[in-house]
Amino acid sequence: MGASVSDTGASVSDTGASRRTFLKTAAGVASVTVPSRAATSRVPNIIVIACDDLGYGDLSCYGSNIATPNIDSLAQQGMQFLQCNSSAPVCTPARAGILTGRYPNRYGLPRVLDVTDTYGLPASETTVAAMLKPSGYSTMCVGKWHLGSIPQYFPMNYGFDEWYGIPYSIDQGNRPLMHNYDVIQAPADLNSLTQFYTQQAVSFIQRSQGSPFFLYLAHAFPHIPLGASQPFLGRSFQGMYGDTVQEIDWSTGQLLQALRANGIDSNTLIVFTSDHGPWYQGSPGRLRGRKGETFEGGVRVPFLARFPSLIPAGQVSQTLVSTLDILPTVASLTGAAPPSNPVDGVDLSPVFTGKQTDLARDVFLYFNDVYLQAARVGTWKLHVTRFNMPAFTTPPACGRLSLPLPEPELYDVVADPDESRDRGDRNPGTVAAIRAQMDAAIQTFPADVQNAWYTTLQLRVGATPSGCYPIPTGS
């Protein structure tokens with residue numbers, strides 16, 4: 001792992017240098033004053049807000065023209081991460097990763113669940129909610145679940161005391177709005193959905209005085225079909241998509257107001273993120289790709305963390321983080337016993353406080369369905385396999401295939417965020433080192449994931465330039 005990187009003069013293992021983490025202060029970490037936690041005996045409240053199909057470039061703090069002042073305040077009063085990856089580029093596995101801290105390919109959830117599927121998140125997996133229950137937390141899920149469509153896989157079986165939401169995406173099935181096991185509206189009214197979810201979330205905060213709580217607010221939008229309530233229609237001047245995002249911003253402001261009104265603002269961690277990249281609408285920023293792809297635009301997501309008693313205000317980090325890191329970070333901050341299953345995420349609390357500007361992280365893996373397609377170490381990302389077509393388009397005659405690339409492609413995704421300049425030929429040692437880490441990591445996954453990897457690598461493809469979709473030989 002000590003192979004030299006001739007393009008940069010660093011090594012793959014030199015993650016401290018290669019990730020180039022920085023804090024937005026004139027003098028860096030030394031000038032950051034970590035807030036004093038007067039109430040250190042109190043365990044924190046935890047709120048995780050996860051949007052559906054929100055792109056990396058869809059918030060004004062990430063460069064969007066859509067005004068999102070309440071969400072931006074999370075960055076201004078906390079920490080903004082510029083290099084956060086989801087565990088998958090589609091809904092079900094991405095949400096499984098948020099709640100378990102483990103790659104979903106480890107436990108049989110590599111793809112989107114349909115309403116007719118009779119399986120879901122295995123009972124052997126521990127969610128953030130289940131981890132916190134023994135510590136006396138009240139727990140609530142509001143919004144999209146998508147980890148199982150039949151009652152045995154509903155949130156109440158995974159540590160949540162209560163649930164208001166839809167079992168799957170809003171473009172699937174008859175869109176039933178549920179309270180625990182009961183349908184209260186079908187189909188759910190999309191135009192009032194964000195308002196309803198916000199009301200339930202605020203009510204939970206107000207009802208949770210006297211005990212710590214965990215709120216998982218999984219918004220339905222900006223996944224299509226879009227919806228917004230009357231006060232937000234036309235408000236953004238960015239179409240219905242912008243109106244929808246602005247209503248989510250309003251919702252975030254309502255939660256912040258509830259925390260302040262109940263005197264628990266300083267003792268609450270809020271994490272705001274998305275499940276993966278944008279679909280047909282929405283912006284991936286400068287990133288290449290969208291939902292359903294392992295280019296950065298499909299997996300890079302906004303990630304904001306606000307915790308006034310712990311996180312200094314106005315910090316920006318370039319360190320590589322993941323939505324897989326939520327569970328181990330919550331475990332660290334609350335003192336909850338971590339799950340028995342080894343997690344793939346890492347604890348972010350040393351970065352929150354400014355004690356560290358980088359993290360000791362193994363190779364980050366990019367899965368698409370059951371297929372391992374790419375990996376990242378520091379700023380370097382290596383593409384090894386790829387589907388032969390863009391996501392959500394008509395397949396060619398040979399069908400949708402995951403194929404090996406003619407040659408692995410290496411990109412510095414910090415300096416080259418749209419993955420437009422392959423530097424593999426100048427850095428063969430880095431290519432070999434990351435590939436070796438991928439080969440080692442795949443050994444820790446179930447047989448179907450390993451078989452998909454080895455079978456894909458044996459397929460033959462034609463010669464294509466870097467950045468292209470591979471073409472099977474003979475097609």
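Buried means under 20% relative accessible area, exposed over 50% and partly exposed in between, with a 1.4 Å probe and protein chains only. The model is predicted, with local features requiring pLDDT of at least 70 and side-chain atom pairs counted only at pLDDT 80 or more, while totals for chains, interfaces and linings use all residues. Residues are numbered from 1 along each chain as its sequence is written, and side-chain values use heavy atoms, with hydrogens and water left out.

**View 1. Strand 10 and its two partner strands.** Helices (H or I, at least four residues) and strands (E, at least two) are DSSP runs, numbered from the N terminus. Six of the six residues of strand 10 (residues 213-218) are buried, so this strand is largely enclosed by the rest of the structure. In a regular strand the side chains alternate between the two faces of the sheet. F213, L215 and L217 point one way from strand 10, whereas F214, Y216 and A218 point the other way, and all are buried. Two strands pair if DSSP finds at least two bridges between them. Strand 3 (residues 45-51) runs parallel to strand 10 and is joined to it by five bridges, with L217 as the bridge partner of I49. Strand 6 (residues 138-143) also pairs with strand 10 in the parallel sense, over six bridges, and S138 stands opposite F213.

**View 2. The open sheet of 10 strands.** The strand order is 9-8-7-6-10-3-11-12-4-13, and the pairing is mixed. Strand 9 (182-185) and strand 13 stand at the edges, each with a single partner strand, so one side of each is left without a neighbour in the sheet. From one strand to the next the twist averages 15°, where angles run from 0 to 180 degrees between N-to-C directions and axes are lines fitted to C-alpha atoms, for helices over the stretch in contact. Strand 4 and strand 12 pair in the antiparallel sense over three bridges, and Q80 stands opposite L304 of strand 12. Helix 3 (residues 91-100) packs on the sheet, where it touches strand 3 and strand 10, and its direction makes about 170° with that of strand 10; contact means heavy atoms within 4.5 Å.

**View 3. The packing of helix 5 on helix 6.** Helix 5 (residues 190-207) and helix 6 (residues 239-261) pack at an angle of about 15°, with their axes 10 Å apart. The two helices are therefore roughly parallel to each other, a term for angles under 35 degrees. The contact includes T194, A201 and I205 of helix 5 and I248, W250 and L255 of helix 6.

**View 4. The open sheet of four strands and helix 11.** The strands of this sheet follow the order 15-16-17-18 with antiparallel pairing, and the edge strands are strand 15 (364-368) and strand 18 (402-412), each of which pairs on one side only. Neighbouring strands of the sheet are turned by 20° against each other on average, direction ignored. Strand 15 pairs with strand 16 (residues 371-377) over five bridges in the antiparallel sense, and L372 in strand 16 is the bridge partner of F367. Helix 11 (residues 447-457) lies across strand 15, strand 16, strand 17 (380-387) and strand 18, running at about 80° to strand 17.

**View 5. The surroundings of P278.** P278 lies in the loop between strand 11 (268-274) and helix 7 (296-299), and counts as buried at 0% relative accessibility.

Terms used
Angles under 35 degrees count as roughly parallel, over 145 as roughly antiparallel, 65 to 115 as roughly perpendicular and the rest as oblique.
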